[in-house]
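User: Please take a close look at one sheet in this model. Then carry the reading on to the other parts that can be described residue by residue.

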Amino acid sequence: KAIPYQPAIANWKLSVGDGLKNIYVKYIDQAGNESEVATDRITLDTSVPVAGKLTINNDEEWARKPTVALSISAQGADLMQVDNNPDFSNTSRWLPYAETIDKWILQGLEGSNTVYVRFRDAAGNASEVISDEIKLDTKPPVGRILINKGSNVLTNADRKVNIRLVYNSVADEMMISNDPEFSKATWQPATDAVENWILSPGDGLKTVYAKFRDAAGLLSPVATDKILLDTTPPQEPRVMVNNNAPFSVHPKGLVQVKVRAEGAKEMLVHEESAPDSARIWEPYRPALDIHLHGNDGIKNVVAVFRDEHGNVTSPVSAKITLDRSGPKARLFVIDNGAEWTNRKDKKVRLKLTADDANMKKIALDKEFAKSKWQKFTRELSDFELPGDDGQKELWVIFKDEAGNLSEPLSAAIKLKREF
């Protein structure tokens, strides 16, 4: 169909369907003469690129630094725009389409970050916007550890302690160990307390190590706390009373106690039956005097020792007999109480009775200056009277095993050997 000549035609409609399109034109003058056919061609492209997929760091959930790698796919794309904002306000540049960008810099905010991509073909058709999200975490967790509320010493033989853990909110997991290399330790959910943690064996300064990990896998610096484990009481405890003498005859029951315990800081020394008021911890020293309580008899002196950290020994003891009463002198007679003896050999029979006596002295006076102690017997059958005929007075005194003396007794007889 011929139409009036015009230098341009707007809104000429191409044939249906994308592809290469030819347009033909010829001109006719007023006389009806026709020119040769002129042609031109154009490619019709009305299909937009098909946006495929955008993945950040191989679809990992977390990034530990703001520089990430992008993987991109699209069909029919010649150009693309990449931005950290959905309105692409940070870029006006269209880049040649590429399936990877090795070093894309995120917006840099801790937490969720989104990258946006759109595509364009050579015809200028633009795709829809696709995006991917990743969480940025560049700050490792921070934490600390506290053993037994900050105590310096543990004396429990089971070596159990309670651990308090303090950390910032990004920590997801924690690992605790007695070994700085964390050998055989495993990650566990982060918590603020661990009870009954067992320290490594053996007395000494103990260190517990802890580290924290967040969801991105970032590790905290290793946190530590120390405590001194001392479960050993003072060693080789000993007690001795009056240098191991079997008896004490002190009228007030005073005895000297010598003690020994390696590593002792304090001691508790008392008679076993002493009242509570006499049982007082005092600074360790090698010797002291104590009063035995109650009546005479066997006394048990007990000693317990404590070191500077409160470890206590088992009790040790030593026995001594408190004996403050002398033998009871009951009888001393010569020849059954006879008034006279006329034996030429001057020998007489002595009878003696005393409770608890084991030694005796017999003398001519109650000073007993020149007499010697002899084993106690109840009878002497051939005691020779001293000197010439006349009135004879003998004295006897008794001693018990502890050394206590009885009251002296005397007896008299007249020696007359001639008419």
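Analyst: Start with a single pair: leucine 146 stands opposite arginine 164 in β13. The model is predicted, so local features need pLDDT of at least 70 and side-chain atom pairs count only at pLDDT 80 or more, while totals for chains, interfaces and linings use all residues. Residues are numbered from 1 along each chain as its sequence is written, and side-chain values use heavy atoms, leaving out hydrogens and water.

In β13, leucine 165 is the bridge partner of isoleucine 145. Both pairs belong to a longer register. Strand β11 (residues 143-147) and strand β13 (residues 160-167) pair in the antiparallel sense over five bridges. A strand here is a DSSP run of E, at least two residues long, numbered from the N terminus. Two strands pair if DSSP finds at least two bridges between them.

β13 has another partner. Four bridges join β13 to strand β16 (residues 193-198), and the two run antiparallel. Lysine 160 stands opposite isoleucine 198 in β16. The result is an open sheet of three strands, in the order β11-β13-β16, with antiparallel pairing. β11 and β16 stand at the edges with a single partner strand each, so one side of each is left without a neighbour in the sheet. From one strand to the next, the twist averages 30° (between axes fitted to C-alpha atoms, with angles from 0 to 180 degrees between N-to-C directions).

Now the other open sheet. It has five strands, ordered β20-β26-β25-β22-β23, and its pairing is mixed. β20 (247-248) and β23 (282-283) are its edge strands, each with a single partner strand, so one side of each lacks a neighbour in the sheet. Strand β22 (residues 266-271) joins β23 through two bridges, running antiparallel. Glutamate 266 has proline 283 as its bridge partner in β23.

Methionine 267 also lies in β22. Methionine 267 is buried, with a relative accessible area of 0% (buried means under 20%, exposed over 50%, partly exposed in between, with a 1.4 Å probe and protein chains only). Leaving aside neighbours within four places in sequence, its contacts (heavy atoms within 4.5 Å) include Val259, Trp281, Pro283, Leu288 and Phe305.

Next, the largest nonpolar core, which has 20 residues. Such a core is a set of buried Ala, Val, Leu, Ile, Met, Phe, Trp, Tyr and Cys residues joined through side-chain atoms within 4.5 Å. Leu70, Ile72, Trp104, Val115, Val117 and Phe119 touch the most other members. β3 (50-56), β5 (67-75), β6 (79-83), β8 (100-105), β9 (111-120) and β10 (130-136) each supply at least two of its residues. β5 gives the largest share, four residues.

Beyond its neighbours within four places in sequence, valine 115 is in contact with residues including Leu54, Leu70, Asn84, Trp104 and Ile130.

Asparagine 84 deserves its own look. It lies in the loop between β6 and β7 (95-96). At 12% relative accessibility, asparagine 84 counts as buried. Its side chain makes a polar contact with the side chain of tryptophan 104, at 2.9 Å. A polar contact is a pair of N or O atoms within 3.5 Å; within protein, one must be able to donate a hydrogen and the other to accept it, and residues adjacent in sequence count only if both atoms are side-chain atoms. A polar atom of the asparagine 84 side chain also lies 3.1 Å from the backbone oxygen of isoleucine 105.
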